[in-house]
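Me: Could you walk through this model with me, one question at a time? I'd like to see the reasoning along with each result.

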Amino acid sequence: MAEEIWVGTWRPHRPRGPIMALYSSPGPKYLIPPTTGFVKHTPTKLRAPAYSFRGAPMLLAENCSPGPRYNVNPKILRTGKDLGPAFSILGRYSTKTMLTPGPGEYFPEKSTRHVFDSAPSHSISARTKTFRVDSTPGPAAYMLPGVLGPHTVGKASQPSFSIKGRSQLGSFADDQHKTPGPAAYRQTDMQVTKFKAPQYTMAARVEPPGDKTLKPGPGAHSPEKVTMTKPCAPIVTFGIKHSDYMTPLVVDVE
């Protein structure tokens, strides 16, 4: 086995993917019509409907009508002009003769790939001026993530500890007289953690709604003077009392 050659910390190996510097072709610079979108869609594939979104329409003014100030010709009706036949004398119209292609200018045999389904076709063109051989980054252009410390990528990191100075809080030099007393804390309302007790309020007396107008009492009415349903009020008279010994009037009915 031949001795492996190392370049610093990098060992030559088989590339994981294609590298453009190893090929003499121009790379993925083929002009193949896309199969997505609406513009420049390939004619060999079906194209789905495309929709567009537009903004909100512009708000019109509240009054955009000029009002009744049109000067309408009285000879124009809803069916057109109410005029007789009119003729005008003009010169002959000049027409331009254009050269149109003949039958020999068309090549219908070349339209097969646009009408029928065909396989993707590729074209090979010359190398562009913007592409150079040395434009591929080398091994030193990559930076691998570190494997030490808590910020590792793709690996499990061990517990890390840091050393810092002594805290002034709670040390022997801390003055305990500056500690707040019991009155410095705010008592939490019991209704925040417990069931809230019913609460009542004292308000003024509420009067029920009603009619506050003065109503007539019983002495304001005179029912004996009513003559709307009867001819007159009841009248009491004093007469002679009949005797119990008087023979009643008996009328025989045959």
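Here are some questions and replies about the structure.

Me: Before we start, what kind of model is this?
Reply: Residues are numbered from 1 along each chain as its sequence is written, and side-chain values use heavy atoms, with hydrogens and water left out. Local features need pLDDT of at least 70, side-chain atom pairs count only at pLDDT 80 or more, and totals for chains, interfaces and linings use all residues, since this is a predicted model.

Me: Which pattern of helices and strands does the protein follow along the sequence?
Reply: Helices (H or I, at least four residues) and strands (E, at least two) are DSSP runs, numbered from the N terminus. The protein has 2 helices and 2 strands. Read along the sequence, the pattern is β-β-α-α.

Me: What percentage of the residues is buried?
Reply: Happy to help with that one! Buried means under 20% relative accessible area, exposed over 50%, and partly exposed in between (1.4 Å probe, protein chains only). Of the 254 residues in the protein, the buried share is 3%.

Me: T152 sits in the loop between α1 (112-115) and α2 (190-193); is T152 buried or exposed?
Reply: A polar atom of the T152 side chain lies 2.9 Å from the backbone oxygen of K155. Leaving aside neighbours within four places in sequence, T152 is in contact (heavy atoms within 4.5 Å) with G146, V147 and S157. Because its relative accessibility is 17%, T152 counts as buried.

Me: What is the phi of K40, and where does this residue lie?
Reply: K40 lies in the segment before β1 (76-77). Its relative accessibility is 69%, so K40 counts as exposed. Most residues other than glycine have a negative phi. K40 has a positive value, near 55°.

Me: How far apart in space are Y51 and F38, C-alpha to C-alpha?
Reply: Y51 is found in the segment before β1, and it is exposed because its relative accessible area is 73%. In sequence, Y51 and F38 are 13 residues apart; in space, their C-alpha atoms are separated by 9.5 Å.

Me: How many salt bridges are there?
Reply: A salt bridge is a side-chain nitrogen of Lys or Arg within 4 Å of a carboxyl oxygen of Asp or Glu. K212 meets E207 in one at 3.7 Å, N to O, and K215 forms one with D211, the closest N and O atoms being 3.4 Å apart. By this rule the count is 2.

Me: In the salt bridge between K215 and D211, is D211 buried or exposed?
Reply: Let's take the two partners in turn. K215 has 53% relative accessibility, so it counts as exposed. With 57% relative accessibility, D211 counts as exposed.

Me: Which residues lie nearest the centre of the largest pocket?
Reply: On a 1 Å grid over the protein atoms alone, a pocket is an open set of points where a 1.4 Å probe fits, with protein on both sides within 12 Å along at least five of seven lines; lining residues have an atom within 4 Å of a point. The largest pocket has a volume of about 880 Å³, the space filled by probe spheres set on the points, which are joined across faces, edges and corners. Among its 20 lining residues, the nearest to the centre are W10, H13, G138, P139 and Y142.

Me: And which residues are closest to the centre of the second largest pocket?
Reply: This pocket holds about 400 Å³ of space. It is lined by 16 residues, and the closest to its centre are I32, P33, T42, T44 and S121.

Key: A polar contact is a pair of N or O atoms within 3.5 Å; within protein, one must be able to donate a hydrogen and the other to accept it, and residues adjacent in sequence count only if both atoms are side-chain atoms.
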